[in-house]
Amino acid sequence: MTETVQMATVLREPLEQTLRFVSWYCELGVERIELFFDDPQDPAIELVETRPEVRVHRCTADFWRGIGAQPDMAFVKRQNAALTFAYRGAKADWFLAVDSDEFVYLQGRNFDEFLRSVPDDAPAVRFCTAEHVTTPGHGGNWFRLPLPRAVIRQNGGAAAFYLAPRGGLVGHADGKSLTRTGFDVFRVRQHLVVGRDRKPIDGIFVGPANGAMLLHFVDNGYDRWRAKLAWRRGSWGLPRRASARLDEIDRFPAEEAEREYRALYDLLHQLEPETCEKLEGLGGVIRLDVDTHGQIDRIFPGHGNSNQG
């Protein structure tokens with residue numbers, strides 16, 4: 001019997017990123033993709049709503065009030081309200097909440113094929129985070145995997161001071177959950193669903209050994225990082241020590257500050273060859289042959305960019 005998946009995300013992204021995200025999940029066989037556009041006039045809406053899998057929500061002030069949120073709430077609170085609304089209305093067998101820079105990787109399978117391996121009594125599947133990182137001198141797409149703090153402190157190079165508290169990652173190390181529908185829920189949070197009893201609905205954990213991960217493209221190049229810096233600082237998207245360093249940089253003269261922002265970005269999002277090889281031997285880095293742009297022309301003909309890998 002086919003297992004169906006419904007997913008939701010709240011987003012405000014450039015057109016290419018939105019198409020990249022939707023295309024990836026269309027090809028994974030998601031039955032319904034609910035997109036909550038934080039900009040109700042987002043130019044991507046007209047294009048993505050042509051897909052039968054996609055349901056668009058324009059997040060106007062009236063929309064937020066209609067689901068019990070306030071338009072001026074912090075983004076994370078509005079996000080949780082939208083995800084909870086989506087879960088409670090879900091018709092598929094499973095529900096997935098991810099951000100628009102997160103791509104579930106299933107190593108040659110779609111969701112239906114993957115779910116055949118999930119035990120019948122598992123209420124949820126938590127995907128291990130694999131965080132994209134730039135590796136000068138190493139080709140291909142490389143991803144960092146969480147490791148114990150002590151291991152990162154000893155082997156993580158100059159960035160370990162900032163990254164050890166999150167297991168060697170810039171973003172979250174908690175992963176994201178695919179949860180069965182039908183539970184009476186209190187709230188859907190970014191990483192999991194919380195039941196009416198206020199307890200997380202958790203289940204099995206999958207990662208590299210299972211060929212299943214959550215690819216987190218927290219690094220999409222310096223320009224994107226810089227453009228989203230204020231947002232990340234306001235949504236716990238950076239390690240605390242990195243945020244403190246940014247507070248210091250903010251007080252520098254403009255030209256010097258820009259150099260220091262770039263230096264911090266390079267430190268956080270690039271792995272030098274020696275550190276990369278050391279972490280790879282410890283299971284903290286993995287190379288994957290993935291192309292999250294390749295599907296765009298198949299799902300939205302004429303809108304792909306063959307120069308992006």
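Two residues are in contact here when they have heavy atoms within 4.5 Å of each other. Keep that in mind as you click around, and remember that this is a predicted model.

**Stop 1: R88 and its neighbours**

Select R88, which sits in helix α4. What does R88 touch, leaving out residues up to four places away in sequence? Show V185, F186 and R196, and you have the answer. Now add D72 to the selection. R88 and D72 are 16 residues apart in sequence, and their C-alpha atoms are 23 Å apart in space.

**Stop 2: the sheet beside α4**

Next, colour β10, β11 and β12. They make an open sheet of three strands, in the order β10-β11-β12, with antiparallel pairing. Which strands are at the edges? Those are β10 (185-188) and β12 (200-201), each of which pairs on one side only. In general, strands of a sheet pair through backbone hydrogen bonds, either parallel or antiparallel.

Zoom in on β10 and β11 (residues 193-195): three bridges join them in the antiparallel sense. One spot to click is V185, whose bridge partner in β11 is G195. Then bring helix α4 (residues 75-88) back into view. α4 packs on this sheet and touches β10 and β11, and its direction makes about 130 degrees with that of β10.

**Stop 3: hunting salt bridges**

How many salt bridges does the structure hold? There are 23 of them, so let's visit a few.

Start with R224 and E13. Their closest N and O atoms are 3.0 Å apart in a salt bridge. This pair links distant parts of the chain: R224 is in helix α8 (residues 222-227), while E13 is in the loop between β1 (5-11) and α1 (15-27), 211 residues apart. Are the two partners buried or exposed? R224 counts as partly exposed because its relative accessible area is 22%, whereas E13 has 11% and is buried. The cut-off for buried is under 20%.

Now pick R55 and E34, whose side chains meet in a salt bridge at 3.8 Å, N to O. Here strand β3 (residues 54-58) supplies R55 and strand β2 (residues 32-37) supplies E34; the two residues are 21 apart in sequence. R55 is partly exposed at 38% relative accessibility, but E34, at 2%, is buried.

Your next selection is D101 with R232. This salt bridge spans 3.5 Å from N to O. D101 lies in the loop between β4 (94-97) and β5 (102-105) and R232 lies in helix α9 (residues 229-234), so the pair ties together parts that are 131 residues apart in sequence. Both D101 and R232 are buried.

Before moving on, select R12, D38 and R78 together: a network of salt bridges links them.

**Stop 4: along helix α1**

Finally, select α1. Its 13 residues reach 18 Å from the first C-alpha to the last, close to the 18 Å expected at 1.5 Å a residue. Is α1 mostly covered or mostly exposed? Mostly covered: ten of the 13 residues in α1 are buried. Among them are F21, V22, W24 and Y25. As you look along the helix, here is a handy rule: an α-helix has 3.6 residues a turn, so residues three or four places apart point the same way.

Last click: G29, which follows α1 and has a positive phi, near 85 degrees.

Conventions
Residues are numbered from 1 along each chain as its sequence is written. This is a predicted model: local features need pLDDT of at least 70, side-chain atom pairs count only at pLDDT 80 or more; totals for chains, interfaces and linings use all residues. Side-chain values use heavy atoms; hydrogens and water are left out. Two strands pair if DSSP finds at least two bridges between them. Helices (H or I, at least four residues) and strands (E, at least two) are DSSP runs, numbered from the N terminus. Axes are lines fitted to C-alpha atoms, for helices over the stretch in contact, and angles run from 0 to 180 degrees between N-to-C directions. A salt bridge is a side-chain nitrogen of Lys or Arg within 4 Å of a carboxyl oxygen of Asp or Glu. Buried means under 20% relative accessible area, exposed over 50%, partly exposed in between (1.4 Å probe, protein chains only). The expected span of a helix is 1.5 Å times one less than its number of residues.
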